[in-house]
Amino acid sequence: MSFFNKFNDTDKINLFLGDFLVRNAGYPTRRELAKLLMKDMKENIKGYIRDENSLFQVSQVYLDGVVSSRSSLLKKIKNLYETNRETAEVLNIFSESNKINAVFSTDYDIVLDDINCNKVVKILPTDEEFTIASNGEVKHYKILGDVNRHEKIFVSIQDFRKLKVLDFYKNFFRNIKEDMESYPTLILGLDLNNSDFIDMLEVVLTGVNPKDVIYAVSNSNVLKTKTIERLNELGIKLLPHSEEEFFKELKSYLCSMQLDDSELKEAYIGKKLFR
């Protein structure tokens, strides 16, 4: 039985994409960006990094110990996205379906906006006025900005702190809250070893009473006790699907396709569901 049998055929959903989109488009994930920045660091500078998987931490150390200006760091990030990528066929579902209400992403790429420019309304935290999705477009919340406005992306620990506390950004998160409370949200591409992503989930979900349990699928198979506890506190239920199998079911639901029982085979990362 497909997970999506719990929804009606006409139900809209929200998608929190994690690093799923960039991996399928061939762009670097947050963890890969961190590793690329560390290549420019001397060993004594690397010693200040507590979590090498955290782009927030690595960027802060890069800013403090390698370059003298924030603009130099941001140009470095932008340059890492300038290689042209082939759009994977897997991404076409975003233009083929009318069942997606909103997409939340935490990477700096613009692939979703490029392949669906007429069907996606991009919403950035730095916007003074938010574009309204008046014709059924998918709302695309770029939580940390994107490379088209690289001077305004949030990349370091200091940037993230400002995003969390400054009043200017509260309307952005208020809009996300309204969408999460109106439609069920699924997380695809949850990196359980990336503390940045868990931190962002905490910021986004604080004060939210979601429409339904927030379900997540991860490509990680190493589960830390502290991470499990944080997911439980946020009301996130980790499904025992592999990303590949779950996306197959998701695509079937979004495109109103029928799958054979043999195609619904689930690949488990563990027997325990967290909650």
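**A colleague's note on the predicted model**

1. Let me start with Phe168: its relative accessibility is 45%, so it counts as partly exposed, since that class lies between the 20% limit for buried and the 50% limit for exposed. Please keep in mind that this is a predicted model. Phe168 sits in the loop that links helix H8 (157–165) to helix H9 (170–182). Together with Val165 and Leu166, Phe168 makes a nonpolar surface patch of about 280 Å².

2. Now for the protein as a whole. It has 12 helices and 7 strands, and 53% of its 275 residues are buried. Of the contacts with a separation of 6 or more, 74% join residues 24 or more positions apart. The accessible surface is about 13500 Å², and carbon and sulfur atoms account for 43% of that.

3. The interior is worth a look. The largest nonpolar core holds 82 residues, and those touching the most other members are Phe16, Tyr108, Ile143, Ile176, Ile187, Leu190 and Ile236. Take Ile187: leaving out residues up to four places away in sequence, Ile187 touches Phe16, Phe197, Leu201, Ile214, Tyr215, Ala216, Val217 and Ile236.

4. Helix H12 passes a simple length check. Its 12 residues (243–254) should span 16 Å at 1.5 Å a residue, and the end C-alpha atoms are indeed 16 Å apart, so the two values agree.

5. H12 is also mostly covered, with 9 of its 12 residues buried. Among them are Phe246, Phe247, Leu250, Tyr253 and Leu254, but also Glu243, Glu245 and Glu249. After H12 comes Ser256, which has a positive phi near 55 degrees.

Terms used:
Residues are numbered from 1 along each chain as its sequence is written. This is a predicted model: local features need pLDDT of at least 70, side-chain atom pairs count only at pLDDT 80 or more; totals for chains, interfaces and linings use all residues. Side-chain values use heavy atoms; hydrogens and water are left out. A nonpolar core is a set of buried Ala, Val, Leu, Ile, Met, Phe, Trp, Tyr and Cys residues joined through side-chain atoms within 4.5 Å. Buried means under 20% relative accessible area, exposed over 50%, partly exposed in between (1.4 Å probe, protein chains only). Contact means heavy atoms within 4.5 Å. Helices (H or I, at least four residues) and strands (E, at least two) are DSSP runs, numbered from the N terminus. The expected span of a helix is 1.5 Å times one less than its number of residues. Patches are made of residues with over 30% relative accessible area and no salt bridge: like charges are joined within 9 Å, nonpolar side chains (Val, Leu, Ile, Met, Phe, Trp, Tyr) within 5 Å. Accessible areas come from the Shrake-Rupley method with a 1.4 Å probe; for residues, only the protein chains shown count as cover. A salt bridge is a side-chain nitrogen of Lys or Arg within 4 Å of a carboxyl oxygen of Asp or Glu.
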